[in-house]
Amino acid sequence: MKKIYLIIVCAVVSFSGCVEEIPIGFLSDNIRMREDTLNIVKGVYTVSGIPMIDGSTRPLSFEILKVRNLTKGGGADEFLTKYPVKLWRTPFDPDTDVTMEIVNEKIEIREITPLEINPVSGQLCFNGGTNFIQGDDIYGVDVKVFNENSSKTFEKFGIVKLVNRPWEIANNFGEYLHGTVGTNTETVVEAVNPLPATEMDALKNNTHPRYSITKVGESDEVKVKLMFLDANGQAFPGEAIANWPRDAKYLNNWFDNSIDTKTLSDGVEFNFPTVPFPAFGRTYTGGRESISLSYYTLHPNYYTLNAAAQAAIAKANVANCTNYNLRLKATYQINVPGVWEVKCQFKYANKK
């Protein structure tokens with residue numbers, strides 16, 4: 001037993017002797033942003049991960065020295081130039097922020113640079129000021145790092161790609177034909193969720209035959225006209241665009257992201273002071289993928305089911321349905337202020 005104990009002790013001592021001790025005040029030569037390349041969508045607030053510090057002694061302090069255009073060469077001082085950016089003092093609340101006057105009390109316009117760094121954590125922070133930057137090049141961010149012992153300069157501490165994406169599809173679309181059986185109002189007759197990959201590709205290229213998004217004017221805010229069309233291309237009145245109820249509340253929708261919403265003869269106009277839009281998710285929260293989820297019911301008072309719908313019902317062979325609902329999950333996200341128009345066509349509906 002003593003022999004075994006002696007072997008273990010010797011092994012521990014030997015292993016300890018092979019481990020290089022990191023001195024107090026150590027500052028590595030290999031501090032860098034965690035992401036290889038961080039994609040920054042213009043207008044969208046984005047924060048990098050906490051950087052890799054390679055055993056450096058904390059606390060550390062971080063300072064941006066320079067941004068360089070790695071695509072064209074030269075400096076990129078526009079990232080460190082101040083621009084007027086709308087910022088929320090407190091978060092938007094759709095239950096209380098019901099007028100633009102109330103909302104304006106919660107918003108301030110501040111002169112800030114599109115890129116900042118958290119001086120303690122070292123995270124790069126990009127804000128709505130990126131909308132003022134032209135082009136979509138690749139950039140390197142040079143950073144100086146300090147600790148109690150020394151300081152070092154790190155060229156290309158972070159590599160970022162600026163992406164010009166005025167709108168995007170942050171999640172999958174879905175189309176639904178639901179029947180009512182007893183107390184179940186969401187009996188599935190047909191659910192295409194998500195839409196097939198080929199259709200998703202067409203949505204992202206804005207070439208889908210039944211869905212489209214178009215910027216039709218300029219504005220300092222976001223104004224979006226949502227139009228629901230029947231199978232023949234006729235627009236439904238705004239009253240036909242209804243929320244999708246679920247458990248005594250509603251799923252995510254644009255009504256919760258709008259102030260001074262206007263119901264029109266051919267759609268609904270949503271208004272919001274900042275991008276991205278939508279910015280709030282009542283049911284699905286978190287990142288952009290969740291908040292972008294937006295659910296609607298086409299109000300049954302305004303349409304009849306066409307022959308294609310009747311064929312889908314017959315094929316599904318769902319018995320005892322007393323009513324039917326056409327529903328939609330849309331996931332457009334707008335990243336640039338302006339006047340926008342979104343059209344969504346229901347293939348199974350004919351306008352009354």
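Where is the place of G182? In this predicted model, G182 belongs to the loop that links β11 (174-181) with β12 (184-192). The legends below start from that loop and then visit the sheets, a hairpin, the enclosed and open spaces, and the cysteines.

**View 1. The loop around G182 and a residue distant in sequence.**
G182 sits in the loop between β11 and β12. Is this glycine buried or exposed? G182 counts as exposed because its relative accessibility is 64%, and the cut-off for exposed is over 50%. Please look for N320 in this view as well: 138 residues separate G182 and N320 along the chain, yet their C-alpha atoms are 8.2 Å apart.

**View 2. The five-stranded open sheet that includes β11 and β12.**
The two strands that flank the G182 loop also take part in an open sheet of five strands, which runs in the order β12-β11-β22-β20-β15 with antiparallel pairing. Why is one side of β12 and of β15 left without a neighbour in the sheet? Both β12 and β15 (241-243) stand at the edges and have a single partner strand each, so one side of each has no neighbour there. From one strand to the next, the twist averages 35°. At the β15 edge, the partner is strand β20 (residues 294-298), and the two run antiparallel, joined by three bridges. To find your place in this pair, start with I241, which stands opposite L298 in β20.

**View 3. The largest cavity, with strands of the five-stranded sheet in its lining.**
How many cavities of 30 Å³ or more does a search of the whole structure find? The search finds one. The volume of the largest cavity is about 130 Å³. Its lining is made up of 15 residues, and those closest to the centre are E175, Y176, R327, F346 and K347. Four strands each contribute at least two lining residues: β11, β12, β22 (324-330) and β24 (338-345). Of these, β11, β12 and β22 will be familiar from the sheet in View 2. Sorted by class, the cavity lining holds nine nonpolar residues, five charged ones and one polar one.

**View 4. The four-stranded open sheet with mixed pairing.**
Here the strand order is β1-β9-β8-β3, and the four strands form an open sheet whose pairing is mixed. The edges belong to β1 (38-41) and β3 (61-69); each has a single partner strand, so one side of each is left without a neighbour in the sheet. Direction ignored, neighbouring strands of this sheet are turned against each other by 35° on average. In which sense do β1 and β9 pair? Strand β9 (residues 151-163) and β1 pair in the parallel sense, over four bridges. V41 is a handy landmark here, standing opposite V163 in β9. As a reminder when following side chains along a strand, in a regular strand they alternate between the two faces of the sheet.

**View 5. Strand β19 between β14 and β18.**
Strand β19 (residues 267-272) is largely enclosed by the rest of the structure, because five of its six residues are buried. Two pairings can be followed from this strand. Strand β14 (residues 222-229) pairs with β19 in the antiparallel sense over five bridges, and V222 stands opposite F272 in β19. Strand β18 (residues 262-264) also pairs with β19 in the antiparallel sense, over three bridges, with K262 opposite E269. How many residues lie between β18 and β19 in their hairpin? Two residues lie between these strands.

**View 6. The largest pocket and its lining.**
The largest pocket holds about 950 Å³ of space. Among its 32 lining residues, V85, K86, L87, T274 and V275 are the closest to the centre. Two elements, β4 (83-88) and β5 (107-112), give two or more residues to this lining. Which of the elements gives the most? That is β4, with five residues. By class, the pocket lining divides into 18 nonpolar, eight polar and six charged residues.

**View 7. Two buried cysteines.**
C321 counts as buried because its relative accessibility is 17%, where the cut-off is under 20%. C344 is buried too, at 1% relative accessibility. The count of disulfides comes to zero.

Definitions and conventions
Residues numbered from 1 in each chain as written. Predicted model: local features only at pLDDT ≥ 70, side-chain atom pairs only at ≥ 80, totals over all residues. Heavy atoms only, no water. Pairing = 2+ DSSP bridges. Axes fitted to C-alpha atoms, helices over the stretch in contact; angles between N-to-C directions. Disulfide = S-S within 2.5 Å. Buried < 20%, exposed > 50% of the residue type's maximum accessible area, 1.4 Å probe, protein only. 1 Å grid on protein atoms, 1.4 Å probe; cavity = no way out; pocket = protein on both sides within 12 Å on 5 of 7 lines; lining within 4 Å. Points joined across faces, edges and corners; volume = space filled by probe spheres on them. Nonpolar A, V, L, I, M, F, W, Y, C, P; charged D, E, K, R; others polar.
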